[in-house]
Amino acid sequence: MNMNITKIKSVCIIDDDPIFIYGTKRIMNEVDFADEIIVYNDGLAAFDGLKEMTQKGEELPSMIFLDINMPIMNGWEFLDEFVQLPNNNAENIIIYIISSSVDPRDVVRIHEYKVVNNYILKPISIEDLHNILQNVGN
């Protein structure tokens with residue numbers, strides 16, 4: 001086991017699927033992925049929550065897993081709002097789009113957002129998390 005793997009301070013999951021959230025939190029805890037896991041069930045709740053953190057001068061989660069298809073405010077709408085947030089560590093935030101299907105149009109769209117690092121197919125596996133941690137460490 002490589003002990004040099006970086007641990008994420010705080011990760012944020014934005015998804016409306018409770019089963020996905022439960023499973024992801026479970027494997028995140030299993031691999032000791034993050035000190036803190038924050039969950040929002042839609043883009044608007046996430047945006048409001050993160051905006052409140054910036055207003056308090058708190059650091060935002062260093063990694064966000066963002067679902068595209070959600071009620072109220074979807075992933076794209078969230079990104080459009082999020083990039084306008086004045087925040088204390090935006091340039092250090094890594095965003096992964098999580099999706100159950102890869103629509104080629106979505107892939108093209110992902111590349112339009114500088115803040116988005118990559119996308120991951122659901123469900124997230126332990127291997128996915130290890131790869132992410134290794135990328136963060138490098």
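## A cavity and the sheet beside it

In this predicted model, the largest cavity is lined by I68, I97, S99, S101, V102, D103, D106, V107, I110 and Y119. Two elements, β4 (94-99) and α4 (104-110), each give two or more residues to that lining. The top contributor is α4, with 3 residues. Sorted by class, the lining has 6 nonpolar, 2 polar and 2 charged residues. The space inside comes to about 50 Å³, and the structure holds 1 cavity of 30 Å³ or more.

Now let us turn to the sheet. How are its strands ordered? The 5 strands form an open sheet that runs β2-β1-β3-β4-β5, with parallel pairing. At the edges stand β2 and β5 (116-121); each has a single partner strand, so one side of each is left without a neighbour in the sheet. From one strand to the next, the twist averages 20°.

Here are two of the strand pairs, each with one pair of facing residues.

| Strands | Sense | Bridges | Facing residues |
|---|---|---|---|
| β1 (residues 8-14) and β2 (residues 34-40) | parallel | 6 bridges | I13 and V39 |
| β3 (residues 63-67) and β4 | parallel | 5 bridges | D67 and I98 |

Between β1 and β2 the chain passes through helix α1 (residues 18-30), making a right-handed β-α-β crossover.

Helices also pack on this sheet. Helix α1 touches β1, β2, β3 and β4, and its direction makes about 165° with that of β1. Helix α3 (residues 75-82) touches β1, β3, β4 and β5, and the direction of α3 makes about 140° with that of β3.

Notes
Residues are numbered from 1 along each chain as its sequence is written. This is a predicted model: local features need pLDDT of at least 70, side-chain atom pairs count only at pLDDT 80 or more; totals for chains, interfaces and linings use all residues. Side-chain values use heavy atoms; hydrogens and water are left out. On a 1 Å grid over the protein atoms alone, a cavity is a set of points where a 1.4 Å probe fits but cannot get out, and a pocket is an open set with protein on both sides within 12 Å along at least five of seven lines; lining residues have an atom within 4 Å of a point. Grid points are joined across faces, edges and corners, and a volume is the space filled by probe spheres set on the points. Helices (H or I, at least four residues) and strands (E, at least two) are DSSP runs, numbered from the N terminus. Ala, Val, Leu, Ile, Met, Phe, Trp, Tyr, Cys and Pro count as nonpolar, Asp, Glu, Lys and Arg as charged, and the others, Gly among them, as polar. Two strands pair if DSSP finds at least two bridges between them. A crossover is right-handed if, with the strands pointing away from the viewer, the path from the first strand over the helix to the second runs clockwise. Axes are lines fitted to C-alpha atoms, for helices over the stretch in contact, and angles run from 0 to 180 degrees between N-to-C directions. Contact means heavy atoms within 4.5 Å.
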